[in-house]
2 protein chains.
Amino acid sequence: MAEQPALQFSALVLALAGELVQGIHTRVVAAGFDDLRPAHGFAFARISFGGATTADLAEHLGVTKQAAAQLVDELVRKGYVERTAHPTDARARLLRLTERGWACTRAADTAAAEAVAPYQRTLGAERFAELVGDLAALGPKGPIRPAW
Amino acid sequence: MAEQPALQFSALVLALAGELVQGIHTRVVAAGFDDLRPAHGFAFARISFGGATTADLAEHLGVTKQAAAQLVDELVRKGYVERTAHPTDARARLLRLTERGWACTRAADTAAAEAVAPYQRTLGAERFAELVGDLAALGPKGPIRPAW
DNA sequence: CGTGATGGACAAGTAGCTTGTCCATATAGA
DNA sequence: TCTATATGGACAAGCTACTTGTCCATCACG
């Protein structure tokens, strides 16, 4: 069974991703941001990076422009994002996180750190760092998004 | 920035999971099973394990019984799954893969192996095996499912 | 044997996404 | 500079996977 490690790898990564999303989401909700779903996190990631328009966001998330526009509408309505004028393109609106949006981003970062902490403890800081290094070496280049 | 590796870890695992799902799905479709979506794979995993009822499947996938029933209906309609009498419970129906269902499962395994192959090549067989070992040590116990 | 739990089905509603169309503005070529 | 094509964004309608709610038949436990 030469491909056994490969199958194991897929299963482990998928299971791990599921646990991570679940763990992070639970903590973010507990932190008071209970009107968001995990998918919103991926939008925050792109918007906080800066310079994002709705179309950029759509491409990043791998959905249509309209889906992205609806998502942005929701985030604006809930006070996490605001649309500002684009400096050079009169058609476009630049997306920007509000203070509440930034607060949520910080909460998500904390949540991620907490969710990963047990893993770090299991392997030890050193071995965990190696693990991260190896994963980084695989160079997953795809945008971080809920792909199914 | 002590929590930097933790954040990196989350991002990497999530990106990797996305790429894997995408890669596997694409290959499975290319293998002729183009009437399935990635989520179906998680159902196949449980059903191929054996002894699954619709309710078992629902719990495994983390959805309601009705959602699972609809999914099973679809898989039965498309010829991947059949409902058989349960040996000891007259209420329940035992789910079983058809030959086509098994063929799809084999195709998915092959697809997973192929999708992971480049990673194996990048790290080398030895280091990759270590990586898998470390991931396994983290013991992601959650059911493998699309969690968002 | 009766009472609560469980597997499953039917019906209706919802939310997130899609396709299709349109307009205003930007960009490139003659 | 004028024209053609591409692009950001909005409006409308529809689809699909999922939900909640209800119900029945059967199981399991006192």
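This report covers the contact between chains A and B, the surfaces near DNA strands C and D, and one residue of chain B.

The model is predicted: local features need pLDDT of at least 70, side-chain atom pairs count only at pLDDT 80 or more, and totals for chains, interfaces and linings use all residues. Residues are numbered from 1 along each chain as its sequence is written, chains are lettered from A and ligands numbered from 1 in the order in which they are written, and side-chain values use heavy atoms, with hydrogens and water left out.

**Chain A and chain B**

The size of an interface is often given as the accessible area lost when the parts come together. Chains A and B bury about 4800 Å² between them, 79% of it on carbon and sulfur atoms; buried area is the accessible area (1.4 Å probe) that two parts lose on being put together, summed over both. Chain A brings 49 residues to the contact and chain B brings 48, where contact means heavy atoms within 4.5 Å.

Between the two chains there are 4 salt bridges, each a side-chain nitrogen of Lys or Arg within 4 Å of a carboxyl oxygen of Asp or Glu. Arg127(B) forms a salt bridge with Asp134(A), with 2.9 Å between the closest N and O atoms. On the chain A side, α1 (4-30), α2 (38-49), α5 (99-123) and α6 (125-138) each supply at least two residues. Helices (H or I, at least four residues) and strands (E, at least two) are DSSP runs, numbered from the N terminus. The most comes from α1(A), with 19 residues. By class, this side of chain A has 33 nonpolar, 8 polar and 8 charged residues. Ala, Val, Leu, Ile, Met, Phe, Trp, Tyr, Cys and Pro count as nonpolar, Asp, Glu, Lys and Arg as charged, and the others, Gly among them, as polar.

**DNA strands C and D**

A residue is near a strand if one of its heavy atoms lies within 4 Å of it. Strand C is surrounded by 19 residues, the closest being Thr64(A), Ala90(A), Lys65(B), Gln66(B) and Arg91(B). Around strand D there are 18 residues, of which Lys65(A), Gln66(A), Arg91(A), Thr64(B) and Ala90(B) come nearest. Of the strand atoms within 4 Å of the protein, sugar or phosphate accounts for 49% in strand C and 52% in strand D.

The table gives polar contacts, pairs of N or O atoms within 3.5 Å; within protein, one must be able to donate a hydrogen and the other to accept it, and residues adjacent in sequence count only if both atoms are side-chain atoms.

| Residue and its atom | Atom of the DNA | Distance |
|---|---|---|
| Lys65(A), polar side-chain atom | base nitrogen, strand D | 2.6 Å |
| Thr64(B), side-chain N or O | phosphate oxygen, strand D | 2.7 Å |
| Ala90(B), backbone N or O | phosphate oxygen, strand D | 2.8 Å |
| Lys65(B), polar side-chain atom | base nitrogen, strand C | 2.6 Å |
| Gln66(B), polar side-chain atom | base nitrogen, strand C | 2.7 Å |
| Arg37(A), side-chain N or O | phosphate oxygen, strand C | 3.0 Å |

The surface near strand C takes its largest share, 3 residues, from α4(A); near strand D the largest share, 3 residues, comes from α4(B).

**Thr98(B)**

Thr98(B) lies in the loop between β2 (93-97) and α5 (99-123) of chain B. Thr98(B) is buried, with a relative accessible area of 15%; buried means under 20%, exposed over 50%, and partly exposed in between (1.4 Å probe, protein chains only). Leaving aside neighbours within four places in sequence, Thr98(B) is in contact with Gly79(B), Tyr80(B), Val81(B) and Glu82(B).
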